[in-house]
Amino acid sequence: MSAEPFRRDGIVLAVVVVVAAALRIGLAVQPGLWCDEIFSLAMATGHSLEHPATVADPARGDFVEPRDVVSAATFRRYLEPETPPAGLARVTRAVALSDTSPPLYYLLLAFWQGLAGSSDAALRMFSTTCALLSLPLLWGVARDLGGRRVALLATVLFTLAPPALYYAAEGRMYALTWLLGLALARATLVLARDGARPVWVVGWIVLAAAGLLTHYFLLFVWLAQTAWLLRYPGRLPRPVVVGMMTAVGVLILPWYLRVPASLGAWRVTGRWLATPLGYGQLAYGVLRLGGSLVNGYGVWTGIKLTMAAQAVLILALIVALLRRGGARATPEQRLATFWLVGSVVGPVVLDLLRHTATSRIERYALPGLPAAMVVLSLALDRVFRPVGIAVLIGTVIAWLPGLREVARSSPRAWEPFPTIAAHLAGWTGSRDLVIVSSIPSGVLGVARYVAPETPMVGWIEALGGRRMPEDAERLTADRCRVAFVRTHDLGERASVETWLRGRAETVRDLVLYDEAGVQTVITYFTLPAPDGRCASRSSDSREPAATAPDARAPRVPHSGG
């Protein structure tokens, strides 16, 4: 490429990156984490959360449900780096005990926190940084596959797509999967073009291993790109490809030998994906996962009707391609198709083999998002005038409601931890009590945003560590009032709530979210005080608010943990 086009491409890419950064950083600095992001903080600081109570080791930072009333600050320590920081071995141990994902994201996040801290913004900025670093790689891969216009289309679509925007500002590993997938695709293309250059061979092996140690569903990306390399090896001998695959297997073997035991271990959240799906549901899963990569409606809500509009646009694009003689693709362009198909079909095949329900969880297809942008851009470029332009404009318009909701929404409507804290602020005193019925990350989520001195009890029914009615009577003794918070409680009503409703006076049930059996509720109780010790406190305290000060509860389906 001559100097002038190269400089022009650099300017265009820089503008796209600046726009993408402005959109994503603005979201990343908004306060308010949800349970999975709370979980990310705990893992990166070396604190296991999801283990059975009988195997908890407090000396290694494992979560232990306090027997007595403690301050919110006591719970917060599970989300904060220790001095000295937890080492890599302890972070890896916490992941093995608690998570169903590999450890690399959490290890990198631990390093990042050492530089940036453990605030909400710091956590999310790691994902945002990965997403922004993906843009130059996406430009390069798309340009190699289809030219400069395809590169521009792919990066602009990636910048504006609601899934790409939303998950770039979430404190989870999905943005890192984009970065690793794109880097692996770049290495795959170079190896096919230039042959077995040692630097690229080693780079491909390291990138593949890193991906497989970041998220298990990057396995589908790796398999797809490896299958392409075996089908279209170019100047790379196939025996070298087999050797590279073997090297990747050797690198990941120490962790993957532990996978069966890790996936089979008991966890607080249970086996929420262990639901066999019928063949019709599995077939629909392909459409669900594929559509989720380009839809303007998702967990951030939006307007559901836009999905139908987008389906019509995609259908029009397919018809236009067929009228042009079909979607004839070069071998290089088929790499993006392999990648996309692997990411969408892989979870469905897994469900078929293991009788699970991962294909119901749209974010599990996210490793294929860059490929979806490239495939869509290649199709738009092929029929650019007039159909491609019309579909492009229509797609962006269909995305606008979703983009608005991404900008306005809290991370997950059913876990509004800052809103819960806002309701509790000024209501609880030293003689009052907050009981949180949830999973460990839900208890920590509430504790993160309430005042540090707030008296709290975590009531985690699944751990089975509470005795009724003894614990309820002991914990509420000498207390004037109780704010009972129920959020992400796995559908099990805590026994203490039944006890409170029978013994205390219910002041108000404040429903912050209620949809499809998923609730976040604060119930305010006053406790009987025959000696009158709570009379002055009750009369001086303000009435709990009737509605959330800033809560919006969009009606979206709960998609699990």
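**Exercise 1.** Work out how the lining of the second largest cavity splits by class, and which helices supply it.

*Solution.* Start with the classes: this lining has eight nonpolar, two polar and no charged residues. Bear in mind that we're working with a predicted model.

Next, put names to the lining: L180, G181, L184, L207, A208, G211, L212, L218, V221 and W222. Gly counts as polar, so G181 and G211 are the two polar entries.

Now for the helices. α9, α10 (198–212) and α11 (218–231) each put in at least two residues. The largest share, four residues, belongs to α10. As for volume, this cavity comes to about 50 Å³.

**Exercise 2.** Find how many cavities reach 30 Å³ or more, then describe the lining of the largest one.

*Solution.* The count is three. The largest cavity has a volume of about 60 Å³.

Its lining is made up of S437, S438, I439, W459, I460, E461, A462, D489, L490 and E492. Sort those and you get five nonpolar, two polar and three charged. The charged ones are E461, D489 and E492.

**Exercise 3.** Describe how α9 and α16 pack: what are the crossing angle and the handedness, and which residues touch?

*Solution.* Geometry comes before residues here. The axes of α9 (residues 174–194) and α16 (residues 331–354) come within 11 Å and cross at roughly 145°. That crossing is right-handed.

On the α9 side, the contact uses G181, L182, A185, T188 and L189; α16 brings E332, L335 and W339. By class, that's five nonpolar, two polar and one charged.

Finally, link back to Exercise 1: G181 of α9 takes part in this contact and also lines the second largest cavity.

Definitions and conventions
Residues numbered from 1 in each chain as written. Predicted model: local features only at pLDDT ≥ 70, side-chain atom pairs only at ≥ 80, totals over all residues. Heavy atoms only, no water. Axes fitted to C-alpha atoms, helices over the stretch in contact; angles between N-to-C directions. Left-handed = near helix turned anticlockwise from the far one by under 90°. Contact = heavy atoms within 4.5 Å. 1 Å grid on protein atoms, 1.4 Å probe; cavity = no way out; pocket = protein on both sides within 12 Å on 5 of 7 lines; lining within 4 Å. Points joined across faces, edges and corners; volume = space filled by probe spheres on them.
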